[in-house]
Amino acid sequence: MNIPLSQPDIGKEEIKYVMKVLKTPFLSIGPMVKEFEMLFADYIGAKYAVAVSNGTAGLHLCIKSNDIGYGDEVITTPFSFISSANCCIFENAKPVFVDIDPKTLNIDHEKIEDAITSNTKAILPVHVFGHPCNMDEITGIARKYNLSVIEDSCEAIGAEYEGKKVGNLGTCGVFAFYPNKQMTTGEGGMIVTNDKNIAELCKSLRNQGRALDKQWLSHERLGYNYRVSEMNCALGIAQLKRIEEILNKREKVASAYNRKLKEIKKIKLPFVSDNIKVSRFVYVIQLKDCNKKYRDKVMEELEKCGVSCSNYFQPIHLQPFYRKMFGYKPGDYSISESIADTTIALPFNNKLKMKEIDYIVKCLTRILQ
Ligand SMILES: *Cc1c(COP(=O)(O)O)cnc(C)c1O
């Protein structure tokens with residue numbers, strides 16, 4: 001057997017939508033981007049949505065449009081994908097890390113206030129693996145210190161915190177549509193916000209700093225080409241139309257894993273709080289009482305069985321470039337590090353069959369004996 005870690009779920013409608021675009025002259029800046037934005041804003045319950053070329057570009061524009069720049073600090077988590085911290089560095093701002101809650105794997109809100117300085121401009125919580133952060137506490141702190149909240153919701157489309165969709169709980173939020181995410185546009189991302197100024201600024205910044213209503217070759221500010229093509233947006237529309245089906249399928253796969261793995265004593269299953277609805281991005285288990293060497297060995301054995309797996313995440317502060325730039329070393333964020341050393345992301349996608357899950361569980365059971 002050869003079981004991939006992730007794969008997209010593309011149906012007939014998706015193919016039809018993309019083909020339709022190819023028969024028109026509008027391959028960029030056409031009707032699809034507008035429709036995708038409208039449907040997405042509606043789905044999240046936000047006033048505005050701005051489609052961009054990828055999630056990282058979306059985060060960058062959120063940093064820019066919140067006026068975060070040289071010397072400013074942004075509080076975020078070291079246990080995430082690299083772009084949630086890189087987006088600050090793009091603008092010469094400093095990501096300031098706060099360690100995580102070992103249960104939810106999200107930023108520990110109780111440690112945020114200690115990290116705030118007179119340079120702090122924003123909090124950038126990441127809903128890791130699709131599990132929402134404690135947003136009441138985070139937005140409460142932000143209000144107290146007059147900070148922006150930029151939600152990295154790239155792994156959490158459709159996740160809910162106390163009945164409300166994530167991405168729309170702070171100043172602005174970002175989603176991503178790379179093929180390993182819950183829904184995909186190939187490459188793509190989306191900014192959502194209720195702030196008209198931020199939405200308009202992001203629309204200008206993604207389009208080379210053009211004014212929204214002026215001539216094509218008039219550039220009002222330093223901008224980028226962070227546009228997304230009509231084909232990508234058509235794919236996104238078709239995926240979004242069946243997002244509930246997609247999320248339900250993923251929940252079913254996660255439940256099957258939970259059921260079949262709960263007897264294995266050495267494994268800790270993914271945690272889910274009761275005041276939230278999780279949107280399953282990946283299925284990540286933790287090995288109890290083990291070190292990195294043993295975890296790596298287990299992963300190696302799984303790969304030998306044809307079971308793809310990954311060590312989500314390697315902490316950002318220990319990435320070579322961060323060590324060099326900021327002088328971070330092992331021990332700086334010990335909870336993130338100890339979690340990172342013991343996690344394994346198992347194959348997880350809508351098309352995973354019961355037979356395959358049984359095989360993966362059988363391999364794991366044998367390896368862990
Ligand atoms: C996927 C992801 C992003 C954005 O990724 P792109 O590949 O740029 O679309 C940002 N943050 C997190 C936490 C992610 O998982």
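User: Hi! Which residues of E9 are buried on one side, and which on the other?
Analyst: Hi! Gly189, Ile191 and Thr193 are buried on one side of E9, and Met190 and Val192 on the other, so both faces are covered. "Buried" here means under 20% relative accessible area, with exposed over 50% and partly exposed in between (1.4 Å probe, protein chains only). Bear in mind that this is a predicted model, where local features need pLDDT of at least 70, side-chain atom pairs count only at pLDDT 80 or more, and totals for chains, interfaces and linings use all residues. Residues are numbered from 1 along each chain as its sequence is written, and side-chain values use heavy atoms, leaving out hydrogens and water.

User: Why is E9 called largely enclosed?
Analyst: Because 5 of the 5 residues of strand E9 (residues 189-193) are buried, the strand is largely enclosed by the rest of the structure. Strands (E, at least two residues) and helices (H or I, at least four) are DSSP runs, numbered from the N terminus.

User: How many bridges join E1 to E9? And E8 to E9?
Analyst: Strand E1 (residues 48-52) runs antiparallel to E9 and is joined to it by 5 bridges. Strand E8 (residues 172-176) is also antiparallel to E9, again with 5 bridges. Two strands count as paired if DSSP finds at least two bridges between them. Two of the partnerships are alanine 51 with methionine 190 of E9, and cysteine 172 with threonine 193 of E9.

User: OK, what's the order of the open sheet of 3 strands?
Analyst: That one goes E10-E12-E13, with antiparallel pairing. Strand E10 (267-268) and strand E13 (343-346) stand at the edges with a single partner strand each, so one side of each has no neighbour in the sheet. E10 pairs with strand E12 (residues 283-287) over 2 bridges, and lysine 268 has glutamine 286 as its bridge partner in E12.

User: Let's switch to the ligand. Which residues come nearest?
Analyst: Gly55, Thr56, Asp152, Glu155 and Lys181 come nearest, out of 13 residues around the ligand. A residue is counted there if one of its heavy atoms lies within 4 Å.

User: Where do the polar atoms sit, say for glycine 55?
Analyst: For glycine 55, a backbone N or O atom lies 2.8 Å from an oxygen atom of the ligand. The side chain of aspartate 152 has an N or O atom 2.8 Å from a ligand nitrogen, and the side chain of lysine 181 has one 2.8 Å from a ligand oxygen. The protein covers 91% of the 390 Å² of accessible area that the ligand has on its own. Those areas come from the Shrake-Rupley method with a 1.4 Å probe, and for residues only the protein chains shown count as cover.

User: Which helix gives the largest share of the shell?
Analyst: Helix H3 (residues 55-65), with 3 residues. H3 is mostly covered, with 9 of its 11 residues buried, including His60, Cys62 and Ser65. At its start, a side-chain oxygen of asparagine 54 reaches to within 3.1 Å of the backbone nitrogen of threonine 56. Just after H3, aspartate 67 takes a positive phi of about 60°.

User: Now glutamate 14: buried or exposed?
Analyst: Buried, with a relative accessible area of 1%. Glutamate 14 is found in helix H1 (residues 12-22). Its side chain makes a polar contact of 2.6 Å with the side chain of arginine 242 and reaches the backbone nitrogen of glycine 11 at 3.1 Å. A polar contact is a pair of N or O atoms within 3.5 Å; within protein, one must be able to donate a hydrogen and the other to accept it, and residues adjacent in sequence count only if both atoms are side-chain atoms.

User: And where is histidine 317?
Analyst: Histidine 317 is in the loop between helix H10 (292-304) and helix H11 (320-326). At 0% relative accessibility, histidine 317 counts as buried. A polar contact of 2.7 Å joins its side chain to that of glutamate 337.

User: Last one: what does cysteine 305 contact?
Analyst: Leaving aside neighbours within four places in sequence, cysteine 305 is in contact with Met1, Tyr359, Cys363, Arg366 and Ile367, where contact means heavy atoms within 4.5 Å. Cysteine 305 lies in the loop between H10 and H11 and is buried, with a relative accessible area of 14%.
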